[in-house]
Amino acid sequence: MACPIIRVSGLVTRFGPQTVHDGVDLEVRQGEVLGVVGGSGTGKSVLLRAIIGLLRPSAGRIEVFGEHLGALDPDRRRLLERRWGVLFQNGALFSSLSVAENVEAPMREHTDLPQGLMNELAGLKIAMVGLPADAAPKYPSELSGGMRKRAGLARALALDPEIVFLDEPTAGLDPIGAAQFDELIGELSRALGLTVVMVTHDLDSLYAICDRVAVLADHKVLSVAPVRELERHDHPWIREYFHGPRARAARDSEAE
Ligand SMILES: Nc1ncnc2c1ncn2[C@@H]1O[C@H](COP(=O)(O)OP(=O)(O)OP(=O)(O)O)[C@@H](O)[C@H]1O
């Protein structure tokens with residue numbers, strides 16, 4: 001069995017009187033595509049932000065690549081940050097930078113590569129996510145939603161990360177665009193041996209590319225299992241989620 005690349009134990013997250021997580025445990029295995037699902041407001045995005053160190057948990061421990069995030073000095077933290085890439089919910093591109101400049105931004109922040117090499121690498125990443133070369137000089141406002149997501153993914157891949165975190169990558173895409181994006185993530189994960197942690201509401205994505213799915217409910221991770229096993233879980237939210245009409249449609253399209 002692949003070893004855990006991320007280990008979250010006893011995570012508690014509170015905002016004032018609100019407790020979002022109350023003892024979240026989760027292990028992510030190297031090379032897997034892990035989906036994170038749960039009702040609205042159950043703390044999926046907050047969990048992602050805690051794992052990448054954007055948010056300090058109230059209690060608990062988060063280890064990434066065996067390093068305890070809470071105990072890292074800033075230099076070690078920066079080294080660790082180079083090993084993952086993040087695609088935020090809306091792509092979060094810098095609107096005043098071209099696509100190529102967006103992809104180069106992490107290189108500029110974390111490396112001393114000469115400009116020529118950065119240009120070349122950005123071109124490679126742009127091609128890798130299936131964008132045409134003429135997208136490179138364009139600004140985010142000149143791209144479709146699907147192209148912006150791809151550009152965000154190219155930026156997440158800029159430093160050849162070992163883990164990619166995706167927050168609702170297919171939200172806002174039409175079903176064909178969403179399926180193509182799923183396919184791209186699956187292909188990249190296989191080809192590059194990437195570990196992918198993906199917050200999603202998209203049942204199609206779970207069936208299409210996730211090796212396992214973690215369910216957040218009742219302030220905890222209730223279960224982590226392949227989607228076919230989760231279908232048999234008896235928690236009311238999981239039952240409703242996996243046995244509603246949308247789940248049936250997703251299962252049927254996977255079977256086709
Ligand atoms: N910085 C913050 N300060 C205060 N409350 C916050 C903060 N960030 C998130 N929250 C609260 O934490 C809860 C969980 O938020 P989160 O965005 O993780 O939910 P989610 O499961 O991703 O939901 P959705 O599926 O609707 O995107 C929400 O009630 C939210 O209002």
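## Exercises on a predicted model

The face of helix H9 turned away from its buried side carries three exposed residues: Pro-236, Glu-240 and His-243. Keep in mind that you're working with a predicted model. Let's start with that helix.

### Exercise 1: the two sides of H9

Work out which residues of helix H9 are buried and why they count as lying on the same side of H9.

**Solution.**
- Step 1. Find the helix: H9 covers residues 236–243, and its buried residues are Ile-238, Tyr-241 and Phe-242.
- Step 2. Look down the axis. These buried residues cover an arc of only 85° around it, so they sit on the same side of H9.
- Step 3. Recall the geometry: an α-helix has 3.6 residues a turn, so residues three or four places apart point the same way.
- Step 4. Now check the face turned away from the buried side, where you'll find the exposed Pro-236, Glu-240 and His-243.

### Exercise 2: a strand covered on both faces

Find out how many residues of strand E3 are buried, and which residues lie on each side.

**Solution.**
- Step 1. Strand E3 runs over residues 33–38, and six of its six residues are buried.
- Step 2. Sort them by side, remembering that side chains in a regular strand alternate between the two faces of the sheet.
- Step 3. One side of E3 has Val-33, Gly-35 and Val-37, while the other has Leu-34, Val-36 and Gly-38.
- Step 4. Look at the partners. E3 pairs in the parallel sense with strand E8 (residues 195–199) over four bridges, and Leu-34 stands opposite Val-197 in E8.
- Step 5. E3 also pairs in the parallel sense with E9, this time over five bridges. Here Val-36 stands opposite Ala-214 in E9.

### Exercise 3: the six-stranded sheet

Put the strands of the six-stranded open sheet in order and explain why E6 and E10 are its edges.

**Solution.**
- Step 1. Read across the sheet: the order is E6-E7-E8-E3-E9-E10, and the pairing is mixed.
- Step 2. E6 and E10 each have a single partner strand, so one side of each has no neighbour in the sheet.
- Step 3. Going from one strand to the next, the twist averages 15°.
- Step 4. Add the helices. H1 packs on this sheet and touches E3, E7, E8 and E9, with its direction at about 145° to that of E8. Helix H5 (residues 145–156) packs on the sheet too, touching E6 and E7, and its direction makes about 165° with that of E6.
- Step 5. Zoom in on the edge strand E6 (residues 84–87): Trp-84 and Val-86 point one way, Gly-85 and Leu-87 point the other way, and all are buried. E6 pairs with strand E7 (residues 163–167) in the parallel sense over four bridges, with Val-86 opposite Phe-165 in E7.

### Exercise 4: the four-stranded sheet

Decide whether the pairing in the open sheet of four strands is parallel or antiparallel, and identify the edges.

**Solution.**
- Step 1. The order is E2-E1-E4-E5, and the pairing is antiparallel.
- Step 2. Strand E2 (18–29) and strand E5 (67–68) each have a single partner strand, so they stand at the edges with one side left without a neighbour in the sheet.
- Step 3. Take one pair: nine bridges join strand E1 (residues 4–15) to E2, and Thr-13 stands opposite His-21 in E2.
- Step 4. Look for H1 here as well. H1 packs on this sheet, touching E1, E2 and strand E4 (59–64), and its direction makes about 120° with that of E1.

### Exercise 5: around the ligand

Work out which helix supplies the largest share of the shell around the ligand, and how the shell divides by residue type.

**Solution.**
- Step 1. List the residues around the ligand; among them are Phe-15, Val-20, Gly-38, Lys-44, Ser-45 and Val-46.
- Step 2. Helix H1 (residues 44–51) gives the largest share, three residues.
- Step 3. Sort the shell by type: three residues are nonpolar, six are polar and one is charged.

### Exercise 6: two positive phi values

Say where Phe-65 and His-219 are found, and whether Phe-65 is buried or partly exposed.

**Solution.**
- Step 1. Most residues other than glycine have a negative phi.
- Step 2. Phe-65 has a positive phi, near 50°, and is found in the loop between E4 and E5.
- Step 3. Phi of His-219 is positive as well, near 70°. His-219 is found in the loop between strand E9 (212–217) and strand E10 (220–225).
- Step 4. Count neighbours within 10 Å: Phe-65 has 13 other C-beta atoms there, so Phe-65 is partly exposed. His-219 has 17 and is partly exposed too.

Definitions and conventions:
Residues are numbered from 1 along each chain as its sequence is written. This is a predicted model: local features need pLDDT of at least 70, side-chain atom pairs count only at pLDDT 80 or more; totals for chains, interfaces and linings use all residues. A residue is near a molecule or strand if its C-beta atom, placed from the backbone, lies within 6 Å of it. Helices (H or I, at least four residues) and strands (E, at least two) are DSSP runs, numbered from the N terminus. Ala, Val, Leu, Ile, Met, Phe, Trp, Tyr, Cys and Pro count as nonpolar, Asp, Glu, Lys and Arg as charged, and the others, Gly among them, as polar. Two strands pair if DSSP finds at least two bridges between them. Two residues are in contact if their C-beta atoms, placed from the backbone, lie within 7 Å. Axes are lines fitted to C-alpha atoms, for helices over the stretch in contact, and angles run from 0 to 180 degrees between N-to-C directions. A residue is buried if 20 or more other C-beta atoms lie within 10 Å of its own, exposed if 12 or fewer, and partly exposed in between; C-beta atoms are placed from the backbone. The arc is that of the directions from the helix axis to the C-beta atoms.
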